[in-house]
Amino acid sequence: MKLVKRLAASAIVVLGCAGVCVEAASVPSGYTDSTFVRQLASPTAMEFAPDGRLFVLEQTGAARVVKNGVLLSTPFTTFSVDSSGERGLLGIAFDPAFATNGFVYFYHTVPSPAHNRVTRLTANGDVALAGSAVTILDLENLGPTNHNGGALHFGADGKLYVAVGDNATGANSQSLSSRFGKVLRLNRDGSIPADNPFGSASSIWALGFRNPYTFAIRPGTGTLFINDVGESTYEEIDVGVAGGNYGWPTTEGPTNNPSFRTPLYSYQHGSGSPTGCAITGGAFWAGRYYFADFCGGWIYSIDPANPASATQLAAGASGPVDLKAGADGALYYLEQQSGSVRVIRPPPATDGDAPLPLSAWVALAALLFAVAVQKRFRNAAAP
Ligand SMILES: [Ca+2]
């Protein structure tokens with residue numbers, strides 16, 4: 001529905017930016033915002049490989065590789081996809097043992113009959129090894145072109161979590177006989193873990209989602225923070241719990257209904273601060289959880305331990321769809337409308353430049369004195 005219009009609007013903006021396009025988001029004093037790579041075609045998602053390369057997905061099927069800051073001309077792979085509406089190449093995850101097995105997992109829409117699939121490929125340097133494709137998951141055939149979900153990540157338990165949209169039919173989200181509107185949990189080979197919450201025959205891990213386009217795994221705890229795109233009132237950040245029901249389509253936003261889990265944080269369309277209409281991104285960075293809004297063009301964050309209010313990091317982004325924390329300490333965001341990856345760097349740390357306190361000088365002097373005494377003693381004792 002709305003996201004289809006947004007995608008149409010984004011195509012216009014991409015055309016408008018084909019020449020000179022002013023790219024800049026406003027960030028707080030001391031932070032910098034700059035372009036990392038550009039000239040991506042309708043990008044949908046990105047993920048860092050454990051070796052530091054950045055993989056960026058284009059909706060029409062190409063998985064692009066950014067290596068040492070350069071967008072390589074040859075894609076890692078190009079899937080044959082149905083990219084109508086919100087369909088296409090939508091999600092990527094690296095195997096926890098990628099360094100030894102080279103496995104990369106993709107969520108993409110297979111044409112005729114159109115359905116979403118998770119495929120595993122094996123890396124051979126910067127491209128996929130020919131003939132390495134293994135189908136991990138085939139979902140139900142699609143009706144409407146919107147609400148595909150598409151995010152996938154490995155949890156701290158080594159299981160593959162896959163977020164699936166309701167395919168624009170809310171009733172799917174409350175049905176345990178449909179995988180639409182769910183977060184699924186799989187073994188890395190696609191089989192169903194024996195300890196899944198609805199039994200060993202069901203891949204469903206949590207239900208009641210509308211369009212969980214992005215989610216993230218909290219470092220340290222392994223908790224899933226799930227961004228559920230709302231319809232006309234609320235955008236949600238939900239804390240994932242095995243067997244949890246997040247209410248859609250019965251409820252949207254905060255709820256007291258004991259049958260459902262209320263969001264950790266939510267914001268409204270049209271009123272409050274922030275406001276927006278499609279939550280995207282999702283990255284833990286410097287102890288906080290960062291999220292973006294596609295229509296609002298902003299990035300905000302919450303303290304997971306005290307999520308009552310959100311703090312703005314950036315405004316003026318062109319259709320942000322994904323966020324990732326880099327190993328270099330920067331926050332990367334993907335702009336669908338400008339076809340760019342941009343990077344926000346925090347103010348330089350000042351702790352290392354602070355003068356040593358007096359106590360440290362006293363301790364250093366005492367140490368030097370002790371060394372000198374010991375050396376003198378040793379010399380005196382030498383034959
Ligand atoms: Ca909900």
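Residues 24 or more positions apart account for 51% of the contacts in the protein with a separation of 6 or more, where two residues are in contact if their C-beta atoms, placed from the backbone, lie within 7 Å. This is a predicted model, in which local features need pLDDT of at least 70 and side-chain atom pairs count only at pLDDT 80 or more, while totals for chains, interfaces and linings use all residues. Numbering starts from 1 along each chain as its sequence is written.

Confidence comes next. The pLDDT is the predictor's confidence in each residue, on a scale from 0 to 100. Its mean over the protein is 91, and 85% of the residues reach 70 or more. Among the elements, helix H1 (residues 2–16) has the lowest mean pLDDT, 38, and strand E15 has the highest, 99. Over residues 1–20 the pLDDT is below 50, although this stretch has 25 contacts in the model beyond near neighbours in sequence. Where pLDDT is low, the predicted coordinates should not be read in detail.

The protein has four helices and 26 strands. Both are DSSP runs numbered from the N terminus: helices are H or I with at least four residues, and strands are E with at least two. Of the 383 residues, 45% are buried. A residue is buried if 20 or more other C-beta atoms lie within 10 Å of its own, exposed if 12 or fewer, and partly exposed in between, with C-beta atoms placed from the backbone.

One open sheet of four strands has the order E1-E26-E25-E24 and antiparallel pairing; two strands pair if DSSP finds at least two bridges between them. Strand E1 (32–37) and strand E24 (320–325) stand at the edges with a single partner each, so one side of each has no neighbour in the sheet. Neighbouring strands here are turned by 25 degrees against each other on average, direction ignored. Such angles come from axes that are lines fitted to C-alpha atoms, for helices over the stretch in contact, and run from 0 to 180 degrees between N-to-C directions. E24 pairs with strand E25 (residues 331–335) in the antiparallel sense over five bridges, and Asp322 has Leu334 in E25 as its bridge partner.

The loop from E1 to E2 contains two residues with unusual signs of phi to check. Gln39 lies in this loop and has a phi near 65 degrees, a positive value in a residue other than glycine. Ser42 is in the loop between E1 and E2 as well, and its phi is about 45 degrees, also positive although Ser42 is not a glycine. What sets their surroundings apart is the neighbour count. Gln39 counts as exposed because it has 11 C-beta neighbours inside 10 Å, whereas Ser42 is buried because 20 other C-beta atoms lie within 10 Å.

Strand E2 (residues 43–48) follows, and five of its six residues are buried. Five bridges join E2 to strand E3 (residues 54–58), and the two run antiparallel. Pro43 stands opposite Glu58 in E3. The two strands form a hairpin with five residues between them, and Gly52 in the turn has a positive phi of about 100 degrees.

Another open sheet of four strands has the order E12-E13-E14-E15, again with antiparallel pairing. Its edge strands are E12 (152–154) and E15 (204–207), each pairing on one side only. Neighbouring strands of this sheet are turned by 20 degrees against each other on average, direction ignored. E12 and strand E13 (residues 160–164) run antiparallel and are joined by three bridges, with His153 opposite Tyr161 in E13.

Two loops contain cis peptide bonds. One joins Ser112 and Pro113, with omega about -10 degrees; Pro113 lies in the loop between strand E8 (103–110) and strand E9 (115–124). The other joins Ser273 and Pro274, with omega about 5 degrees, and Pro274 is in the loop between strand E19 (265–268) and strand E20 (279–285).

The largest nonpolar core has 84 residues, of which Phe106, Val162 and Ile299 touch the most other members. A nonpolar core is a set of buried Ala, Val, Leu, Ile, Met, Phe, Trp, Tyr and Cys residues joined through C-beta atoms within 7 Å. Leaving aside neighbours within four places in sequence, the contacts of Ile299 include Gly281, Leu313, Pro320 and Tyr333. Thr311 in strand E23 (residues 306–314) is twelve residues from Ile299 in sequence and 8.7 Å away, C-alpha to C-alpha. Thr311 is partly exposed because 13 other C-beta atoms lie within 10 Å.
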